[in-house]
Amino acid sequence: EFEEARKWVANHLVFDKNVDVNLFESTIRILGGLLSTYHLSGDSLFLEKAKDIGNRLMPAFKTPSKIPYSDVNIGRGTAHPPRWTSDSTVAEVTSIQLEFRELSRLTGDEKFQKAVDEVMKHVHTLSGKNDGLVPMFINTNSGQFTHLGVYTLGARADSYYEYLLKQWIQGGKKENELLEDYMRAIEGVKKHLLQRSQPKKLTFVGELAHGHFSAKMDHLVCFLPGTLALGAHNGLTADHMKLAEALIETCYQMYAQVETGLSPEIVHFNLHAQKGHKDVEIKPADRHNLLRPETVESLFYMYRFTGDKKYQDWGWEILQNFNKYTRVPTGGYTSINNVQNPSNPEPRDKMESFFLGETLKYMFLLFSDDIDLINLDKYVFNTEAHPLPIWVPA
């Protein structure tokens, strides 16, 4: 199968096309995937392709503020913001660093790392943060945060926090600004976003909008227990591990308390006990499941670092429910519209690439007891589950 895929990459993967791509998605999926495959196979074809796409993504950084545009035409070498705004998403511009830094290390061309390091240095100094928590948007002209006052660990901000920690680990734990920003942000989470639900007293991460707390949590936030556990494993404070254990329980309950045993895209937690109500409430607009990986990803980290088999059991339950409600008889899996209806979950006939790239990969790793199957002291995963080597400390 690898040979077949290699042949396809060699003969059919051509980037010289007049097409707009999203900088972030292309970096984490295509560049990250090629770099990872190069390391795991040692085949220079993949590095050549990585160099090609890396170069084609660089025009995104030609902005007045050096904060990259969201979209690049990889054939024409032009870049632009989305049609409706001159803002980029904070998570997107701060979650491309692992890949570009690694590309510089492998090619000896420092322009890639310089471009993405500059973004991190700039964000480090910006005002508009709330105890280390960042707003969701940043303007490519002014370089300032916009839409101030809204703080979430869900969509548009999530992987900023993940990449602070992972860049610090990638670089051999030398870049203290990254660690400072990460530690401050986790304190901000504890101070502003953590609450407990009723009746089971589940610890969850809500959102803050202009001083008002909302008991709403995206499934995307379930990356956090794994990230906290990874930090604790790398010598950060032990209470990060305690918080990770509480949050992974919550993420599991987001599956277990639902009729199909599959989590919706977004849940609302009950802050007050009501007769006959569970901790988790689901609004009709949020009850779809896109086969997302975040909970399984965190289960993998928790199992690796604690050895507690319950994390494998939870993952096995989730896999069985994916098989039961999302598997398509003719092949593949599909997103579903309604996790609350076991008799008709309303299949969408669409499988996101992250289901194969992440969800199933993390399942595979979770069910293996071989810690050298991607050793977490040697590799750091990018946010699309592609392992990149940790630079050996000098």
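Where is the place of P199? Let's start there, and keep in mind throughout that this is a predicted model.

**Exercise 1. Find P199 in the chain and describe the peptide bond leading into it.**

Solution.
- Step 1: Look for the strands on either side. P199 sits in the loop that runs between β8 (194–196) and β9 (203–205).
- Step 2: Turn to the bond from Q198 to P199. Its omega is near 5°, and the bond is cis.
- Step 3: Put this in context. Most peptide bonds are trans, and most residues other than glycine have a negative phi.

**Exercise 2. Examine the backbone angle phi at K201 and at H210.**

Solution.
- Step 1: Begin with K201, which is found in the loop between β8 and β9. Its phi is near 55°, a positive value in a residue other than glycine.
- Step 2: Judge the surroundings of K201. Its relative accessibility is 44%, so K201 counts as partly exposed.
- Step 3: Move on to H210, in the loop between β10 (207–209) and β11 (212–214). H210 is not a glycine either, yet its phi is positive, at about 50°.
- Step 4: Check how open H210 is. Exposed means over 50% relative accessible area; H210 has 59% relative accessibility and therefore counts as exposed.

**Exercise 3. Work through three salt bridges, using the atom distances and the accessibility of the partners.**

How many salt bridges does the structure hold?

Solution.
- Step 1: Get the total. There are 21 salt bridges in the structure.
- Step 2: Recall the cut-off needed here: a side-chain nitrogen of Lys or Arg lies within 4 Å of a carboxyl oxygen of Asp or Glu.
- Step 3: Take E48 and K51, whose side chains meet in a salt bridge at 3.4 Å, N to O. Both belong to helix α3 (residues 44–57), and because they are three residues apart, about one helical turn separates them. E48 is partly exposed, with a relative accessible area of 46%, and K51 is also partly exposed, at 28%.
- Step 4: Take K216 and D218, where the closest N and O atoms are 3.5 Å apart. K216 counts as partly exposed at 22% relative accessibility, whereas D218 is buried, with a relative accessible area of 8%.
- Step 5: Take K350 and E352, which form a salt bridge at 3.8 Å, N to O. K350 is partly exposed, with a relative accessible area of 46%.
- Step 6: Look for linked bridges. D16, D52 and R56 are joined into one network by salt bridges that share partners.

**Exercise 4. Describe the settings of T295, D181 and P82, and list what each one touches.**

Is T295 buried or exposed?

Solution.
- Step 1: Set the cut-off. Buried means under 20% relative accessible area.
- Step 2: Apply it to T295, a residue of helix α11. At 1% relative accessibility, T295 counts as buried. Leaving aside residues up to four places away in sequence, T295 touches H219, C222, I248, C251, Y255 and I318.
- Step 3: Apply it to D181 in helix α8 (residues 176–193). D181 has a relative accessible area of 6%, so it is buried. With residues up to four places away in sequence set aside, D181 touches H124, Y160 and L164. The C-alpha atoms of D181 and L164 are 7.1 Å apart in space, while the two residues are 17 apart in sequence.
- Step 4: Apply it to P82, in the loop between β3 (78–80) and β4 (87–89). P82 is buried, with a relative accessible area of 15%. Beyond residues up to four places away in sequence, its contacts are S70, D71 and D87. P82 and S70 are twelve residues apart in sequence, and 6.5 Å separates their C-alpha atoms.

**Exercise 5. Name the members of a charged patch on the surface and place one of them.**

Which residues gather in a patch of negative charge?

Solution.
- Step 1: List the members. E245, D308, D313 and E317 gather on the surface in a patch of negative charge.
- Step 2: Place D308. It lies in the loop between α11 (294–306) and α12 (310–325).
- Step 3: Check its accessibility. D308 has 34% relative accessibility and so counts as partly exposed.

How values were computed:
Residues are numbered from 1 along each chain as its sequence is written. This is a predicted model: local features need pLDDT of at least 70, side-chain atom pairs count only at pLDDT 80 or more; totals for chains, interfaces and linings use all residues. Side-chain values use heavy atoms; hydrogens and water are left out. Patches are made of residues with over 30% relative accessible area and no salt bridge: like charges are joined within 9 Å, nonpolar side chains (Val, Leu, Ile, Met, Phe, Trp, Tyr) within 5 Å. Accessible areas come from the Shrake-Rupley method with a 1.4 Å probe; for residues, only the protein chains shown count as cover. Lys and Arg count as positive and Asp and Glu as negative; His and the chain ends are not counted. The place of a charge is taken as NZ of Lys, CZ of Arg, CG of Asp or CD of Glu. Helices (H or I, at least four residues) and strands (E, at least two) are DSSP runs, numbered from the N terminus. Buried means under 20% relative accessible area, exposed over 50%, partly exposed in between (1.4 Å probe, protein chains only). Contact means heavy atoms within 4.5 Å.
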